[in-house]
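Here is a short, friendly tour for anyone who likes to check a fold against its numbers. Keep the viewer open and follow along.

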Amino acid sequence: MKWKGHLAILLANVIFGLGVPVSKALLSGWVTPMGYMASRCVFAAIIFWVVAAFMPKEKVERRDLLVLLAGGLIGFVISQTLTAESLKLTTPVYFSFVAALTPIATMLLAVIFLKESITGVKLLGVVLGIAGALLMVYKSWSNEAGRDDLIGILLAVLSVLTWAVYLIITRKVSAKYTAVTQMKYFFLISAVIILPIAMVEPQQNALYSANWGWSGVAEMAFIVLFATGLGYFLIPYAMKTLSATTVSIYTNIQPVVASLVAIAVAQDVFTWDKPLAGLLVLVGAYLVTLSPEKKENE
């Protein structure tokens, strides 16, 4: 039923929105980007393989397994590593606004690789979205953070592009297998790739040293159990009944949640450019999803 898919992707993006300021807090004092990534993928792999052990076994075709492995590499290892590096440099509000460009990135990739047509309304959406992104770039370049903030925004853009690629390449496979089956392979390949890289810097992760604290543990527990485990379970579940474009538009919820929480906990401050940039991005993202989905579903 489609309403379950909409509910699932709505919940996932609320969780992801909360995960932005929580991740910022973790990366600011407890773990390095690689330590953050290793924690997420290792614990998530354990969770999904344990859950899968109590479910009916599902055989995955070799070709589909390769797609799932590619999804893990692109959608988590690359995309989320860029996310972690971005959050080290820029603010949660700017990062979440860039994340809202996902529908635009998805549409542009569909135009390039799937030969999907682009209408005047979609083109206007692209222009507005890019204008919002450029406003963030301009404002970040002119403030005290300067170059670091700008690099953080550019990394966030790359993260969005790789996530859009993940949505497109896994769309058909997501409709064939349960979310648990997909995610156990998704995080297994991620753990195999990222863990050896993270092992070279254990002393830089205060959370896993004698200086650990309960606040860091609670923040990591939220990221692992909710922003990774539950969130990544809900996405393939939703994609069984919803198109990639529909799934991507729900990303617009993330900047609203992330911005309100980040400003409330003093991770960011309210400035004139943030609501304007957010409005441009969100309206642009909405416009690119206005066309009928019939062609995409076919």
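The report below goes from the overall fold to the core, the aromatic rings and a few helices.

## Overall fold

Please keep in mind that this is a predicted model. The protein chain has 14 helices and zero strands, so the pattern read along the sequence is α-α-α-α-α-α-α-α-α-α-α-α-α-α. Of its 298 residues, 53% are buried.

Among contacts with a separation of 6 or more, 90% join residues that are 24 or more positions apart. The protein chain exposes about 13800 Å², and carbon and sulfur atoms supply 73% of that area.

## The nonpolar cores

The largest nonpolar core has 72 residues. Which of them have the most contacts inside it? They are I9, L26, V31, Y36, M136, F187 and Y232. Helix α10 (residues 214-239) gives this core its largest share, with 10 residues. A second, separate core has five residues, among them V60, L68, V173 and Y185.

Y232 is a good place to zoom in. Leaving out residues up to four places away in sequence, Y232 touches F16, R40, G75, F76, Q80, W163, M183, F186, F187 and A227. Three of the names in that list, W163, F186 and F187, come back in the next section.

## Aromatic rings

A pair of aromatic rings is described by the distance of the centres and the angle of the planes. With centres within 6.5 Å as the rule for pairing, the count comes to seven aromatic pairs. One of these is F186 with F187, an edge-to-face pair at 5.0 Å centre to centre and 75° between the planes. F186 counts as buried because its relative accessibility is 2%, under the 20% limit. F187, at 0%, is buried too.

The rings of W212 and W214 also have their centres 5.0 Å apart. Why is this pair edge-to-face? Its planes stand at 80°, and planes over 60 degrees apart count as edge-to-face. Here the surroundings are more open: W212 is partly exposed, with a relative accessible area of 41%, and W214 counts as exposed because its relative accessibility is 66%, over the 50% limit.

Ring pairs also link F48, W163, Y166, F186 and F187 into a cluster. Elsewhere, a charge meets a ring: the charged end of K184 sits over the ring of W49, 4.5 Å from its centre.

## Helix α12 and its cover

Helix α12 covers residues 253-264, which is 12 residues. At 1.5 Å a residue the helix should span 16 Å, and its end C-alpha atoms are 17 Å apart, so the two values agree. The buried residues of α12 are Q254, P255, V257, A258, S259 and A262. What covers them includes α1 (2-29), α4 (92-99) and α13 (273-287). Just after the helix, A266 takes a positive phi of about 65°.

V93, which lies in helix α4, shows this packing from the other side. Is V93 buried or exposed? V93 counts as buried because its relative accessibility is 1%. Leaving aside neighbours within four places in sequence, V93 is in contact with S259, A262, I263, D268 and K274. V93 and K274 are 181 residues apart in sequence, yet their C-alpha atoms are 7.6 Å apart in space.

## Helix α13 and the loop after it

The 15 residues of α13 should span 21 Å at 1.5 Å a residue, and the end C-alpha atoms are 21 Å apart, so expectation and model agree. Buried in α13 are D273, K274, A277, G278, V281, G284, A285 and L287.

V288 has its place in the loop between α13 and α14 (294-297). Although it is in a loop, V288 is buried, with a relative accessible area of 2%. Which residues does V288 touch, not counting those up to four places away in sequence? The answer is P103, I104, M107, K122, G125 and V126. With I104, the C-alpha to C-alpha distance is 6.4 Å across a sequence separation of 184 residues.

Key
Residues are numbered from 1 along each chain as its sequence is written. This is a predicted model: local features need pLDDT of at least 70, side-chain atom pairs count only at pLDDT 80 or more; totals for chains, interfaces and linings use all residues. Side-chain values use heavy atoms; hydrogens and water are left out. Rings of Phe, Tyr and Trp (its six-membered ring) pair if their centres lie within 6.5 Å; planes under 30 degrees apart count as stacked, over 60 as edge-to-face and the rest as tilted. Buried means under 20% relative accessible area, exposed over 50%, partly exposed in between (1.4 Å probe, protein chains only). A charge sits over a ring if NZ of Lys or CZ of Arg is within 6 Å of the ring centre and within 35 degrees of the ring normal. Helices (H or I, at least four residues) and strands (E, at least two) are DSSP runs, numbered from the N terminus. The expected span of a helix is 1.5 Å times one less than its number of residues. Contact means heavy atoms within 4.5 Å. A nonpolar core is a set of buried Ala, Val, Leu, Ile, Met, Phe, Trp, Tyr and Cys residues joined through side-chain atoms within 4.5 Å. Accessible areas come from the Shrake-Rupley method with a 1.4 Å probe; for residues, only the protein chains shown count as cover.
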